[in-house]
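Thanks for coming. I have one structure to go through today, and I will keep to the backbone and the packing. Please have a look at it first.

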Amino acid sequence: MRASAPLGVAVSLFLTACASAPGSATPAADLTAIADTPAALDVFTPSDLAPDTAEVVEIITPADATPALDSADAVADLAPPDVNADASPPPADVATLDLSPIDAAEVSEVLDAPDVPAVDSGPPPPTCAATVSITGPSTDAFFALGGPITLTAMVTSVAVAGLSVAWTVQDGPALGVSVVKVDGTTSLDTNAIPAGKRVLVAQVVDANGACTGGAATSTVTVCKHEVKADFNAALDPLLWVTTQDAAWDPGGWIEMTYPQKSRQGAIYNALDYVQSGDVSIHFQIATGGGSDPGADGMAMTILEASKLSELTALLAVATGGGGLGYGVGGKYGAFTGHAFTVEIDTWYNQFNGNSEFHTDPTSDDHVEVTLDGDPGKSVGFISVPELEDLAWRSVDITIHATHLTVRIDGKVTIDGDFPQLEFRGGYIFFSGSTGYYTNYHRFDDLHILHGCVP
Ligand SMILES: [Ca+2]
Ligand SMILES: [Ca+2]
Ligand SMILES: [Ca+2]
Ligand SMILES: [Ca+2]
């Protein structure tokens, strides 16, 4: 407003001078119009800008820029009342876990307490002394899972009255307690030994606990798979397969050849693949009654075949005579896989490159171990007395890892480690043969245990 005042004064002075001038028509109206023009200048006066400036100033006033209330809230969050809220009430639970002087006192109390001498004293001292030995089963015996298995022991003591034997499986179940008889013997029937090679523990005890020196251990092998056949009835062809000249005999056994020349045969179980690992094979044989001096013998073979048809094909071309009906490898056939055989050989073969392709290690009747279906690939043998009397004899073959034992009528013949055995499982078959000379070759009472793992 002050800027316009000097202009208004100047116009007034100009109007005064003109009004006095003669000849002018309407000078007052024009001057009035001119006098109105300064109003247009008001548009650019600071008064128009002022409100904007004021608004800007207002926007940036400390009242807006300063988050007074927010800061206050933030401070309120960090305020000591919250901290005090967490820390102030001392929780009873935490206090019990703290290593406070009270706890330390308790610890020292425990360490000093008269309980400690009790721990050092251990169980009450034995009131008996005894020695014990496990007399059965033998350490290389095999059993079917579920038993029963009879455990026997002999106990020696100044006085056996009141003594018992507590039987357990190491890292396994307790089996039971058997009373020691006056003669020192004791026995327990059990069906609770788990599958696998197990360590039995026998501990002599009396009413107060274990006796001094009264413990012994032994191993027992328990197997999950069992094949058992007495061949007293005609064969189930889905279970048992005979090849070539072998046949079931109404006497209740398998006859491989009958006393006829150049015959051979075998029998196998169509469903049972013997698993790798420990295995026990029991059977009975009888041979003799043929043309003197009799020939050729029998054999048990476990052969690694990928499928049963492979075994069937091999047995169709197996060599008889000196090949005992199992000769399928080496100079006796095209088989190149793994197999092992236990021979019961009653005829002395000598290599001639024509009909005989190996020389037997002895001219005696013999038990011999050969590999890979080759009667010439011998890894061990033992001479045995004449077998050709047609008497029944039991044959027991056990394999623990690479340790092979062969018993005839309970008497050990072959017994040793055969690293070449490499027994990895396979089909098992039994065979026999004749040549120029003959014999019956009878086979009966088969019992196989395998799958002897936990
Ligand atoms: Ca029988
Ligand atoms: Ca003989
Ligand atoms: Ca022979
Ligand atoms: Ca032989």
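Let me start with a small question: is Asp 171 buried or exposed? Asp 171 counts as exposed, because there are 9 C-beta neighbours inside 10 Å, and the cut-off for exposed is 12 or fewer. I begin there since the backbone at Asp 171 deserves a look. Its phi is near 55°, a positive value in a residue other than glycine. Asp 171 sits in the loop between E4 and strand E5, residues 174-179.

Before going on, I should say that this is a predicted model. The protein chain has 454 residues, of which 32% count as buried. There are 10 helices and 23 strands in the protein chain. If you take the contacts with a separation of 6 or more, 69% of them come from residues 24 or more positions apart.

There is a second residue of this kind, Leu 324. Here too phi is near 55°, again positive in a residue other than glycine. Leu 324 lies in the loop between helix H10, residues 308-317, and strand E16, residues 339-345. Is Leu 324 buried or exposed? Leu 324 is buried, because 33 other C-beta atoms lie within 10 Å. So on burial we have Asp 171 as exposed and Leu 324 as buried.

That brings us to H10. Leu 311, Leu 314 and Leu 315 of this helix are buried. These three cover an arc of only 95° around the axis, so they are on the same side of H10. Ser 309, Ala 316 and Val 317, on the other side of H10, are exposed. What covers the buried residues of the helix? The cover includes strand E10 (240-244), strand E13 (264-274), E15 and strand E22 (426-433).

E22 leads to the next residue, Gly 425. Gly 425 is in the loop between strand E21, residues 411-417, and E22. Gly 425 counts as partly exposed, because it has 16 C-beta neighbours inside 10 Å. Leaving aside neighbours within four places in sequence, Gly 425 is in contact with Tyr 273, Val 274, Gln 275 and Ser 276. There is also a pair to note for distance: Gly 425 and Ala 339 are 86 residues apart in sequence, and their C-alpha atoms are 9.1 Å apart in space.

Now the strands. E4, residues 164-169, pairs with E7, residues 196-206, in the antiparallel sense over six bridges. In that pairing, Val 169 stands opposite Leu 200 of E7. E7 also pairs with E8, residues 209-223, antiparallel as well, over 10 bridges. The bridge partner of Val 201 in E8 is Thr 217. How many residues does the hairpin from E7 to E8 run through? The hairpin joins E7 to E8 through two residues. As a reminder for anyone looking at side chains here, in a regular strand they alternate between the two faces of the sheet.

Last, the cis peptide bonds I wanted to show. One joins Gly 147 and Pro 148, with omega about 5°. Pro 148 is in the loop between strand E2 (142-144) and strand E3 (149-156). Another joins Asp 292 and Pro 293, with omega about 10°. Pro 293 is found in the loop between strand E14 (279-288) and strand E15 (297-303). E15 is one of the strands that cover the buried residues of H10.

Notes
Residues numbered from 1 in each chain as written. Chains lettered and ligands numbered in written order. Predicted model: local features only at pLDDT ≥ 70, side-chain atom pairs only at ≥ 80, totals over all residues. Pairing = 2+ DSSP bridges. Helix = DSSP H or I, 4+ residues; strand = E, 2+ residues; numbered from the N terminus. Buried ≥ 20, exposed ≤ 12 C-beta atoms within 10 Å, placed from the backbone. Arc of directions from axis to C-beta. Contact = placed C-beta atoms within 7 Å.
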